[in-house]
Amino acid sequence: MLTLFNTLTGRQEVFEPIEPNKVRMYVCGVTVYDYCHIGHARSALVFDVLRRHLESCGYAVTFVKNFTDVDDKIIKRANEQGVSCDAVTAKYIQAYHEDMGRLGIRAATEEPKATEHIVDIIQLTERLVAKGLAYCVDGDVYFEVPKYPEYGRLSKRRLEDLQAGARVDVDERKRHPMDFALWKSSKPGEPAWESPWGPGRPGWHIECSAMSIRHLGETFDIHGGGMDLIFPHHENEIAQSCGATGKDFARYWVHNGFVQVNQEKMSKSLGNFFTIREIFEKSEWPGEIMGEILRYFLLSTHYHGPLDFSDQALKEAKNALNGFYDLFGRLAEPGGDATPDQSLSQGIDRCRTAFKAAMDDDLNTPVAIASLQGLRSDANKLLGEGLSSEGRRQVREAFRSLGHNLGLFQLERWDFNVRVEPASAHLTLTTFSPTTRMEERLTDLQIENKLAERIEAKKRKDFKRADAIREELRTLGITIEDKPDGTSRWKR
RNA sequence: GGCGCCGUACCCAAGUGGUAAGGGAGCAGUCUGCAAAACUGCGAUGCAGCGGUUCGAACCCGCUCGGCGCCUCCA
């Protein structure tokens with residue numbers, strides 16, 4: 001039984017979908033005017049994992065994640081670069097898919113764009129005007145916040161408190177300082193669509209209301225996004241949607257915590273943010289592995305809390321992952337013919353049960369990972385006692401199927417232990433220097449040949465030569481492990 | 001000024017009333033020609049501090065200290 005922390009009620013609640021066996025979920029995506037940073041990655045990953053878990057619980061999940069492709073920042077960026085807004089948004093939407101794809105984040109069921117829903121947005125705005133909840137001034141349309149008495153319910157704020165803290169110059173044409181734009185008249189050169197109020201473009205909040213209603217209906221199950229969206233964005237979405245439909249909007253509101261650097265929120269103004277592609281580009285590990293490391297790192301903390309990003313944290317994630325793939329490597333080697341031990345199936349069952357319980361408990365991924373570590377430990381012990389081929393297959397399969405819920409353990413091969421120089425251990429925005437360049441790497445065949453030579457040397461008891469070969473490979477980032485039967489295995 | 005979050009061992013991190021999961025790093029041992037990996041053992045008498053409630057608190061209440069976020073675009 002899945003429970004989720006619901007921001008709306010401020011407590012963890014049992015999840016019950018509106019329609020049995022079906023879940024409709026909307027998550028606020030990104031404004032496409034720049035490359036995504038690791039904070040975007042965390043949010044995308046959290047909801048990717050939520051979706052995977054819902055599916056593993058047997059729900060048919062309709063997952064909608066939008067792109068905001070009309071916005072002040074996009075216009076600014078287009079002007080700076082002397083290109084059209086379309087060019088800007090197309091570029092960063094593609095980059096989004098590339099970056100998230102490298103993290104193993106699956107595409108949503110629907111990924112609507114604001115510009116494709118102008119009609120829906122205008123119609124929703126008209127409904128609000130007709131109901132007297134919105135008004136038009138000089139071609140702009142504003143939502144009149146005091147007309148919606150529930151305003152502040154999600155963010156637990158009172159209208160009076162908000163006014164006291166207002167630090168922004170208030171547009172005098174607005175009836176109330178907190179009123180927000182549904183529709184903005186366009187200046188010359190800006191993207192514009194015809195509307196009952198003249199040429200203009202949508203405000204930020206209205207698009208999510210329009211798109212979620214279009215794709216999921218007026219009331220749906222889960223609405224998610226980063227913590228910073230609670231106010232004002234989600235608060236405004238609720239006001240618009242409920243105001244227009246008179247019905248409940250989303251039933252469960254799920255928000256993920258921030259990625260921080262040195263205990264501070266990553267932000268452009270502080271200059272302490274890392275884009276996803278920069279992390280991949282500067283990584284000393286191959287892309288597939290870096291993706292899994294990042295994923296493991298991002299899931300090693302509960303989604304609701306803050307998460308500090310650092311070079312060391314990444315390295316710890318990588319070390320932890322090494323242990324798993326080390327095991328998988330051994331599991332891939334042939335074992336005996338015996339029927340798998342009973343303790344094996346008990347170990348796997350124990351892990352499955354613990355894993356499910358952790359995920360059901362508000363997506364407690366750190367505990368879910370701990371359950372996998374427990375199975376790793378069990379499997380290593382069984383391996384020491386001589387696990388059969390069938391047993392090995394079963395263990396690997398358990399890791400693969402459970403790991404699938406987190407997007408982990410799907411790789412066939414894991415070239416790890418690429419050497420890292422201590423000097424590059426500080427991730428100061430520009431470091432991440434690879435020690436072993438790809439072109440310097442030995443091919444598998446070259447390594448096998450070296451290994452064969454070393455085994456010969458060992459047979460001759462020429463340990464000096466054997467050690468020299470091992471040292472030679474070690475400097476190239478290859479680690480050799482001798483097995484009891486006289487043969488060796490290697491890894492990067 | 002208002003609203004809210006956080007503070008658990010060297011590091012990361014679970015735990016929301018019943019006596020501190022897990023991982024990483026470290027140390028010791030087993031194994032090994034030597035290693036590596038694996039396995040075994042060691043590691044918070046205490047959960048920022050001080051009070052209070054309770055048979056019992058990291059968990060509840062109060063105060064203090066420290067850090068952070070939101071109230072403006074923001075995952």
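In the predicted model, the side chain of R201 forms a polar contact of 3.3 Å with the side chain of E190, and a further polar contact, of 2.8 Å, connects the side chains of R201 and D72. R201 belongs to strand β8, which covers residues 200–202, and with a relative accessible area of 5% R201 is classed as buried. Once neighbours within four places in sequence are set aside, the residues in contact with R201 are V70, D71, D72, I75, W183, K184, S186, E190, P191 and W193; both partners of the polar contacts, E190 and D72, thus appear in this list.

A second buried site is provided by S371, whose relative accessibility is 10% and which is located in helix α12 (residues 365–384). A polar atom of the S371 side chain lies 2.5 Å from the backbone oxygen of A368, while beyond four places in sequence S371 touches C351, A354 and F355.

Salt bridges number 45 in the structure. One of them pairs D34 with R77, with the closest N and O atoms 3.8 Å apart, and this pair connects distant parts of the chain, since D34 is placed in the loop between β3 (22–31) and α1 whereas R77 is part of helix α2 (residues 72–81), at a separation of 43 residues. R77 counts as buried, its relative accessibility being 18%. A salt bridge between D360 and K356 brings the closest N and O atoms to 2.6 Å; because the two residues are four apart in helix α11 (residues 342–360), about one helical turn separates D360 from K356. The two ends of this bridge fall into separate accessibility classes, D360 being buried at 7% relative accessibility and K356 partly exposed at 37%. In the bridge between R153 and E150, the closest N and O atoms are 3.4 Å apart, and here R153 is partly exposed with a relative accessible area of 46%, as is E150 at 42% relative accessibility. Salt bridges also link D326, E333, E481, K483, R489 and K491 in a network.

At the level of the whole chain, 15 helices and 15 strands make up the secondary structure of chain A, and the C-alpha atoms occupy a box of roughly 90 × 50 × 35 Å along the principal axes. Of the 492 residues, 52% count as buried, and among contacts between residues at least 6 apart in sequence, 76% join residues at least 24 apart.

Chain A is divided into domain 1, residues 3–256, and domain 2, which comprises 311–407 together with 421–491. The contact between these domains draws 11 residues from domain 1 and 11 residues from domain 2, and the C-alpha centres of the two domains are 43 Å apart. About 950 Å² is buried between domain 1 and domain 2, with 54% of this area on carbon and sulfur atoms; on the side of domain 1, V49, R52 and H53 contribute 52% of the area buried against domain 2, more than any other three residues. Across this interface zero salt bridges are found, whereas seven residue pairs are in polar contact. The elements giving two or more residues to the side of domain 1 that touches domain 2 are β1 (3–6) and α1 (38–56), of which α1 gives the most, with six residues. By residue class, this side of domain 1 consists of six nonpolar, four polar and one charged residue.

Note on methods: Residues numbered from 1 in each chain as written. Chains lettered and ligands numbered in written order. Predicted model: local features only at pLDDT ≥ 70, side-chain atom pairs only at ≥ 80, totals over all residues. Heavy atoms only, no water. Domains from an automatic or database assignment. Contact = heavy atoms within 4.5 Å. Buried area = accessible area lost by both parts, 1.4 Å probe. Salt bridge = Lys/Arg side-chain N within 4 Å of Asp/Glu carboxyl O. Polar contact = N/O pair within 3.5 Å; in protein donor to acceptor, adjacent residues only side chain to side chain. Nonpolar A, V, L, I, M, F, W, Y, C, P; charged D, E, K, R; others polar. Buried < 20%, exposed > 50% of the residue type's maximum accessible area, 1.4 Å probe, protein only.
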